[in-house]
Amino acid sequence: MLKEFKDFAMKGNLVDIAVGFVMGAAFNKVVASFTGGIVSPLIGLIFNADFKDLKYTITEGTMNDAGEKVGEVAVMYGEFLTNVIDFIIVAFVMFMIVKGVNKMKKKEEPAPEAPKGPTTEELLTEIRDALKK
């Protein structure tokens, strides 16, 4: 059973998937920091607010003794848009990587065509000629 597990774990596709997963997780952190540190502040200039903190307040909350707002109901669309931007960046980069890998793959040569035999018309002509004899 241990040998079977080792064979399963060391298959090329499984190892490739694991490496891709780890690289994707690390790349996601890079994209998140890019979006949070560069893209969000630039977009925040347009809205005159921190982009991640943009929200639509449905119900105002009240302040408690500690000075915290409680009972507020809000739609946090700034954080959602930040995550959408992160996704679009990651999806675009993954698309470009897959496109590059596919371009580098050796193009398969088309299979040689099967030798052409006689056409139906030629066969019928041969049969007719054979019947005439």
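Here are three short exercises with worked solutions on this predicted model.

**Exercise 1. Work out how the overall form of the protein departs from a compact globule.**

Solution. Begin with the parts list: the protein has 4 helices and 4 strands, and from the N terminus on they follow the order α-α-β-β-β-β-α-α. Next, take the radius of gyration: a compact globule of 133 residues would have a value near 14 Å, but this protein has 32 Å. Then look at the box filled by the C-alpha atoms, roughly 115 × 45 × 30 Å along the principal axes. Finally, turn to burial: 8% of the 133 residues are buried.

**Exercise 2. Check the lengths of helices α3 and α4 against their residue counts, and then find what is buried in each.**

Solution. Helix α3 covers residues 77-104, and its 28 residues at 1.5 Å each should span 40 Å; the rise is counted over one less than the number of residues. Its end C-alpha atoms are 40 Å apart, which agrees. Within α3, the buried residues include Gly-78, Thr-82 and Asp-86. Now repeat this for α4, residues 120-132: the 13 residues should span 18 Å, and the end C-alpha atoms are indeed 18 Å apart. The number buried in α4 is 0, so this helix lies largely in the open.

**Exercise 3. Place Glu-68 in the fold and find its contacts beyond its sequence neighbours.**

Solution. First locate Glu-68: it sits in the loop between β2 (62-63) and β3 (69-70). Then set aside neighbours within four places in sequence, and Glu-68 is in contact with Thr-62 and Met-63. As a last step, go to Asp-129: it is 61 residues from Glu-68 in sequence, and their C-alpha atoms are 103 Å apart.

Definitions and conventions
Residues numbered from 1 in each chain as written. Predicted model: local features only at pLDDT ≥ 70, side-chain atom pairs only at ≥ 80, totals over all residues. Heavy atoms only, no water. Helix = DSSP H or I, 4+ residues; strand = E, 2+ residues; numbered from the N terminus. Buried < 20%, exposed > 50% of the residue type's maximum accessible area, 1.4 Å probe, protein only. Contact = heavy atoms within 4.5 Å. Rg over C-alpha atoms; globule rule 2.2 N^0.38 Å.
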